[in-house]
Amino acid sequence: QHCFSKKEDGFLYCEGVKVQDIMQSVQEKRPFYLYSKPQLTRNVEAYTAALEGLDSIIGYAVKANNNLKILKHFQELGCGAVLVSGNELRLVMHAGFDPSRCIFNGNGKLVDELVLAAEKGVLVNIDSEFDLRHIIEAGRLVGKQVKVLLRVNPDVDPQVHPYVATGNKNSKFGIRNEKLQWFLDEIKRHPRELLLVGAHCHLGSTITKVDIFKDAAVLMVQYIDLIRDQGFDVKFLNIGGGLGIDYYHAGAVIPTPMDLINTVRELVSSRGLTLVIEPGRSLVANSATLVNWVTGVKTNGNKNFLVVNGSMSELIRPSLYGAYQHIELVAPPTPGAEVCTYDVVGPVCESADFLGKDRELPTPSEGAGLVVHDAGAYCMSMASTYNLKMRPPEYWIEVDGSLKQIRKGETFDDHLRFFEGL
Ligand code: LLP
């Protein structure tokens, strides 16, 4: 069941509400993100159901979408959180997350940020030799033992775009397994500052084969066994995030959270481990679209362009990764509209500014609605104000079908405020 779907009348609906009606009801005709709150709930519930009977933490990867309303919703549904900056840590504390279910990750964590993490008592991943030194320093400054996990780089190929692969041996993340002993010795030497509680790995993102998680988990439990053999009482196996979603809407079978958890369940439960997972995309991506108004169509050379008011500023994944996100008009074509192959582009002054290439679409009239699907993950959180296109507002559809604004759009006045008094 997908929350955005076309009905027989040819209109696009979100949870039974016509997207075109929503476009008419919002005051400003600027691009906006539209979410389904019930879909967000369903996505968390898919993981909760898959994890039934296992000790586990769902650590939502906040980088995928840091909308405070969404965070609060996930917190209420029992999620923990995975953080990559001091500000993400501050935000989840603000949203009421339980710090003992939060993990601070990253290859360049600053001592200030680690001090905050130590004060709050969140779990911290060790990423490198210098990172370990910094964590020890933070523990010393705060006068508390920091609960740490070793981020091991298992060198499993996730078979994804190189920009989103992280667990291969030449990656900037984590430690290579041959250095494991050095880290264990170092941790033993600092019992006042450190408590080793587990091991972590993260292979990459947009993964669509669960065998890859299994391969990594097999290696990881070997490390866990080795760590336990040295007298450490570790309880967490964190297998990271990375489950892909169906961006193509072409009937492909994408593994579900249940498929993912079932491949590692036995390995984890037989050792009495608590499984930590760090999903981002698979919790939020399919819950939203970016809604745009058509500005016009033009033809240059042998290319047809469909120009909308959204752009790479609001949604950069196609430009940055050549990522495919499905595009649809929100209303049925007007009679006689010609179907053409369009590059769907924005108004930003870059040839890299496109939302989709070579899309077969009926020629729309100016002012028609066009959505970019699966825009809940790494879209708003990667938005910029390039060309002074201010960051868009966000709305969600509630369970009862009502529309609610969940983030205000940035304005030109917000921008001027940076210069006040200078
Ligand atoms: N854990 C760690 C350590 C990560 O680095 C990431 C994502 C996640 C969890 C969440 O992964 P997910 O379940 O969302 O795949 N901007 C890119 C994706 C970057 C992913 C970065 N790390 C994109 O738009 O595709």
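Student: Let's start with the shell around the ligand: how do its residues divide into nonpolar, polar and charged?

Tutor: Happy to help, and keep in mind that this is a predicted model. The ligand is surrounded by 17 residues, with Ser205, Glu278, Arg317, Tyr321 and Tyr378 being the closest. By class, the shell splits into six nonpolar, six polar and five charged.

Student: Which side chain has an N or O atom 2.6 Å from an oxygen atom of the ligand?

Tutor: Let's go through the polar contacts, which are N or O pairs within 3.5 Å. Gly280 uses a backbone N or O atom, 2.9 Å from a ligand oxygen, while Tyr321 places a polar side-chain atom 2.7 Å from a ligand nitrogen. The side chain at 2.6 Å from an oxygen atom of the ligand belongs to Arg317.

Student: And how much of the ligand's accessible area does the protein cover?

Tutor: Good follow-up! The ligand sits in the largest pocket. On its own it has 590 Å² of accessible area, and the share covered by the protein is 92%.

Student: Turning to the strands, why do S1 and S3 each have one side without a neighbour in the sheet?

Tutor: The sheet is open and antiparallel, with its three strands in the order S1-S2-S3. S1 (4-6) pairs with S2 (residues 12-14) through three bridges, and one of the bridge pairs is Lys6 with Leu12. S1 and S3 (17-18) have a free side because each has a single partner strand, which puts both at the edges.

Student: In the hairpin of S20 and S21, which residue takes a positive phi?

Tutor: S20 (residues 394-397) and S21 (residues 403-407) run antiparallel and are joined by four bridges. Across the pair, Ile397 stands opposite Leu403. Five residues lie between the two strands, and the one with a positive phi, near 85 degrees, is Gly401.

Conventions. Residues numbered from 1 in each chain as written. Predicted model: local features only at pLDDT ≥ 70, side-chain atom pairs only at ≥ 80, totals over all residues. Heavy atoms only, no water. Near = heavy atom within 4 Å. Polar contact = N/O pair within 3.5 Å; in protein donor to acceptor, adjacent residues only side chain to side chain. Areas by Shrake-Rupley, 256 points an atom, 1.4 Å probe, with all protein chains shown as cover. 1 Å grid on protein atoms, 1.4 Å probe; cavity = no way out; pocket = protein on both sides within 12 Å on 5 of 7 lines; lining within 4 Å. Sits in = over half its atoms within 2 Å of the grid points. Nonpolar A, V, L, I, M, F, W, Y, C, P; charged D, E, K, R; others polar. Pairing = 2+ DSSP bridges.
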